[in-house]
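Thank you all for making time this morning. I would like to walk you through one structure, going from the chain as a whole down to a single residue, and then to a pair of helices and the cysteines.

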Amino acid sequence: MVSVLLQTVAEVKAEVRRRFAWVYEKLGAFLGVSRKNREYVLSEEEMCLVRQARQTAERFFGMPAEPDETASVAGETMAALSPGRRMALIEDFVYALLDLYGMSACDVIITDSDQIFSGAEIASCVGKCGFEDGLIYLNSHFLFQEDERILRKCVVSAIHEARHMMQWQAVCGKLELYIPGGQVEIWRRNLSGNYIRSAMDFEAYYNQPVEADARNFAALVMEGF
């Protein structure tokens, strides 16, 4: 009886730790605390793209902070601007990324339309992609906030959604950039009827291949910003 009780207690403790880690990651994602998975590995061609994207970020938001600094360069830059100028800056930034990725057929739309961000999404979803139409949507609701962490999250989300568009175009054979075939096949399986939406299962949504890749890619680009 005692051994069964101890086993049950151990299982409960393990589940509590797992759920605490999940909540911690979810909160970090919302606040723009972008951490790269240590096991995440990109090809040399993609790492070159990351470096070029970081240089683009420097042009728009300033030099990144030193590793031991906690200041958010991107958040500070955005917070110093009016909402209208923030929208113009982040729109230009996304277009610069799309040009860098060779995706000139894509457009950026900044909106809080309930047709795009419906229901609770208006206060929880920073960005999303309309793959078929080549559209990247950014939620203007967040760009009116004065919190530097939230404004930094807007920049992180912009990179995240641009990476999603890159994934989609790679799967469709429209991307000129080299992405390893094995990686493209993983994205294909995930995006072809197997994508898990956050409202259905947040943990599964968070950990699926295309989301983990976009999150880690944005973390690499934004490290120090």
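Let me begin with a definition, namely that a residue is called buried when its relative accessible area is under 20%. By that criterion, buried residues account for 43% of the 225 residues in the protein chain, and please keep in mind that what you see is a predicted model. The secondary structure of the chain consists of nine helices and three strands, and following the sequence we read the pattern α-α-α-α-β-β-β-α-α-α-α-α. If we take the contacts between residues at least 6 apart in sequence, 65% of them join residues at least 24 apart.

Now to helix 4, which covers residues 83-101. With 19 residues at 1.5 Å a residue, this helix should span 27 Å, and its end C-alpha atoms are indeed 27 Å apart, so the expectation and the model agree. Its buried residues are Arg86, Met87, Leu89, Ile90, Phe93, Val94, Ala96, Leu97, Leu98 and Tyr101, and just after the helix, glycine 102 adopts a positive phi of about 75 degrees.

Which residues does isoleucine 90 touch, if we leave out those up to four places away in sequence? The residues in question are Met78, Ile110, Leu138, Leu143, Cys154, Val155 and Ala158. Isoleucine 90 has a relative accessible area of 0%, and is therefore buried. Of its partners, methionine 78 lies 12 residues away in sequence and 8.8 Å away in space, taken from C-alpha to C-alpha.

Let me turn to helix 6, residues 148-171, and helix 7, residues 181-191, whose axes come within 9 Å and cross at roughly 100 degrees. Because angles of 65 to 115 degrees count as roughly perpendicular, that is how helix 6 and helix 7 are described relative to each other. Helix 6 contributes Arg163, Gln167, Trp168, Ala170 and Val171 to the contact, while helix 7 contributes Val184, Trp187, Arg188 and Leu191. Sorted by class, this contact has six nonpolar, one polar and two charged residues.

Finally, the cysteines: how many disulfides does a search of the whole structure find? The search returns zero. Cysteine 129, for instance, is in no disulfide, the nearest cysteine sulfur being that of cysteine 106, at 8.2 Å. Cysteine 48, for its part, has a relative accessible area of 32%, so it is classed as partly exposed.

Terms used: Residues are numbered from 1 along each chain as its sequence is written. This is a predicted model: local features need pLDDT of at least 70, side-chain atom pairs count only at pLDDT 80 or more; totals for chains, interfaces and linings use all residues. Side-chain values use heavy atoms; hydrogens and water are left out. A disulfide is a pair of cysteine sulfur atoms within 2.5 Å. Buried means under 20% relative accessible area, exposed over 50%, partly exposed in between (1.4 Å probe, protein chains only). Axes are lines fitted to C-alpha atoms, for helices over the stretch in contact, and angles run from 0 to 180 degrees between N-to-C directions. Helices (H or I, at least four residues) and strands (E, at least two) are DSSP runs, numbered from the N terminus. Angles under 35 degrees count as roughly parallel, over 145 as roughly antiparallel, 65 to 115 as roughly perpendicular and the rest as oblique. Contact means heavy atoms within 4.5 Å. Ala, Val, Leu, Ile, Met, Phe, Trp, Tyr, Cys and Pro count as nonpolar, Asp, Glu, Lys and Arg as charged, and the others, Gly among them, as polar. The expected span of a helix is 1.5 Å times one less than its number of residues.
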